[in-house]
Amino acid sequence: MRNCEYQKYTGMRVAVCFLAGAALGLAACQNHTDSTPRAPAPAAPEATSTASTAGAGAIVSAGFKNLHVPAEGDIKPIDVKLWTPCEKPLQGPFSPGGPFALQAVAGCPVAGAGKFPLIVVSHGRGGTAFAHHDTAEALASAGFIVATFNHPGDNAFDLSNADDFSVLYHRPAQVKRVIDYLLATAPEAERIDANRIGFFGFSRGGYTGLVLAGATPDFAKTDISCPQGSENMCQQLASGSLPNLPLVRDARIKSMVIADPLSFFPTPESVKDVNVPTQLWGTTKGGDGVAPESVALLGKNLTNQPDIKTMPNSNHYSMLAPCTPALAYLEKDICTKDEPGFDRVTAHKEWNAQMVVFFKKALEGK
């Protein structure tokens, strides 16, 4: 694991070894004092905006607020970032803390008076709730409520469970806990349509979504490389010392986008119970424990006629949100080492637009 490099950023102390998408486990960390929206940060690429009027007036942007999900049973407290349809125009990017610039309106009330579909986002190993903020902004601007969060024990602030096989059982349970809270307790609960819930997951987050949708990992038959930082998990896998924990499912999830997933699903049998509409994205080069061949095999094994797509001329990290100059300065490997000729900003605008179309068809019938 790399040592954190401490930098001054927007007047606060920030510890950043930011990685939002390792698969089995490439270590990283990111820390800041709090998540209160702050003064405008350096400009970031604008989110793809597809205005909607579903249950509202003219939606022109994404709203943003913080939620806190209390601990329940074995699940630790979860900090959620909620992105909502907003009728207020953007006033420029703002920083929620750290080297991020969000294209959203902090504190904007949920537009209109009707209900909106919900999309829950699951980041990769050691990631954060901001790993795919551009996608959250695009979806919220198109009429979806979007929840992103830090997976307890497997995020940039807390890697305590990231290199233990139990994390692959805890992650789906954490997503279910977030959905439970949003539908029953959150201030926005009455604005969420419980019958229209989707999921987006990247890397280890993709694995998480597949399990929630009914997939059963076959760890014994899976050939996965072991990146630096995942030694303990690899030892557990080799010795067969895997936890005896239940796999959590959630039938409320009606569609999902799975991006360059960590796949422990090498056979048709392992994914035979995945029946929801699925859009599966891979990269041309892969990386960090995810091989293009494993994504292709997953697409072949899925029997629910997934919409299979590849982000052209990309590697694993190309699927992370475009970086601000401050983040690119700190994290050159994941921010600036895309394939020659690859434009992350342009690619993400197209990618986000395609996800909007997919979720509108899958959840709204449009």
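**Disulfides in the predicted model**

The link of C86 and C108 is right-handed, with 90° about the S-S bond. This comes from a predicted model, and the bridge itself shows an S to S distance of 2.1 Å. As for where the partners sit, C86 belongs to strand 5 (residues 78-86), while C108 falls in the loop between strand 6 (105-106) and strand 7 (116-122). The two cysteines are 22 residues apart, and the pair links distant parts of the chain. Both ends are tucked away from the surface: C86 is buried, and so is C108.

That bridge has company, as the count comes to two disulfides. The other one joins C323 to C335, again with S to S at 2.1 Å. Here the angle about the S-S bond is -80°, and the link of C323 and C335 is left-handed. C323 lies in the loop between strand 12 (307-311) and helix 6 (325-330), and C335 is in helix 7 (residues 332-335), so this pair ties together parts that are twelve residues apart in sequence.

What about accessibility at this second bridge: which class does C323 fall into, and why? C323 has 22% relative accessibility, so it counts as partly exposed, given that buried means under 20%. C335 comes in at 11% relative accessibility and therefore counts as buried.

Put side by side, the C86 and C108 link is right-handed, whereas the C323 and C335 link is left-handed. On the accessibility side, C86 and C108 are buried, C335 is buried too, and C323 is partly exposed.

Technical notes
Residues are numbered from 1 along each chain as its sequence is written. This is a predicted model: local features need pLDDT of at least 70, side-chain atom pairs count only at pLDDT 80 or more; totals for chains, interfaces and linings use all residues. Side-chain values use heavy atoms; hydrogens and water are left out. A disulfide is a pair of cysteine sulfur atoms within 2.5 Å. Helices (H or I, at least four residues) and strands (E, at least two) are DSSP runs, numbered from the N terminus. Buried means under 20% relative accessible area, exposed over 50%, partly exposed in between (1.4 Å probe, protein chains only).
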